[in-house]
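Notebook open, structure loaded. I want to go through the strand pairing and then step back to the whole chain.

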Amino acid sequence: VVQNPFYNCYCSSESTDGTVSNIANVTFGNFSNGSDTLPATNNSGVTATYSDYTGIGKIAVIRGSTYHFSVTQTDGASFASAYIKAWIDYNQNGVYENSELIYGGSTTGASKGNTKHANITIPASATFGVTHLRVRLESGGASSGSACGTYSAGETEDYSMYIYDQKKIDVA
């Protein structure tokens, strides 16, 4: 019996109404994704609410290092608020746990071009190897707080990451 690797088995996450309130750009360290220009595998039954960017290359990070993280919203002017959350599966168990929430913020007067910034430190205890980053933007109403399931309006984007140990990189 062939078993899929854990990184192919993450929970689904998407908007139920397809309202355009999407993510325009995600940056993490030196990685930048202008979502409108990079190819995604959209596995959603609703247009433009889930984008799988795990096939465009891995975001490389080093345990114990700090990286700039940002998310830019493309739309949402008709909503009073938007909620942006992001998770990294640090222990690589295929589940986005509450302890793996790396960013959680809300905006008021959500509008095109609204960008949120944070500095994210990769824990020294993070497991080496391939894992995922999930970024979720929910517009209008209250945030569901979860990395999984459906929400009324917004977009979810998934990215591949590779967690390195500094010592291993220095030797290579």
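I looked up Tyr83 first and found that it stands opposite Glu138 in β10. This is a predicted model, so I'm reading the pairing off predicted coordinates.

Next I checked the strands behind that pair. Strand β7 covers residues 81–88, and it pairs with β10 in the antiparallel sense. I get 7 bridges between β7 and β10.

What else does β10 pair with? I went along it and found strand β12, residues 154–164, joined to β10 by 10 bridges. β10 and β12 run antiparallel too. For a register mark here I noted His132, whose bridge partner in β12 is Ser160.

Then I asked myself how many residues of β10 are buried. The strand spans residues 129–139, and 11 of its 11 residues are buried, so I wrote it down as mostly covered; buried here means under 20% relative accessible area. A reminder to myself: side chains in a regular strand alternate between the two faces of the sheet.

Stepping back, I went through the secondary structure of the chain. I have 12 strands and 1 helix. Reading from the N terminus, the strands come one after another and the helix closes the order.

Contacts came next. I took those between residues at least 6 apart in sequence, and 77% of them join residues at least 24 apart.

Last, the surface. Of the 172 residues in the chain, 47% are buried. The chain exposes about 8,200 Å², and I noted that carbon and sulfur atoms supply 49% of that area.

Key
Residues are numbered from 1 along each chain as its sequence is written. This is a predicted model: local features need pLDDT of at least 70, side-chain atom pairs count only at pLDDT 80 or more; totals for chains, interfaces and linings use all residues. Side-chain values use heavy atoms; hydrogens and water are left out. Helices (H or I, at least four residues) and strands (E, at least two) are DSSP runs, numbered from the N terminus. Buried means under 20% relative accessible area, exposed over 50%, partly exposed in between (1.4 Å probe, protein chains only). Contact means heavy atoms within 4.5 Å. Accessible areas come from the Shrake-Rupley method with a 1.4 Å probe; for residues, only the protein chains shown count as cover. Two strands pair if DSSP finds at least two bridges between them.
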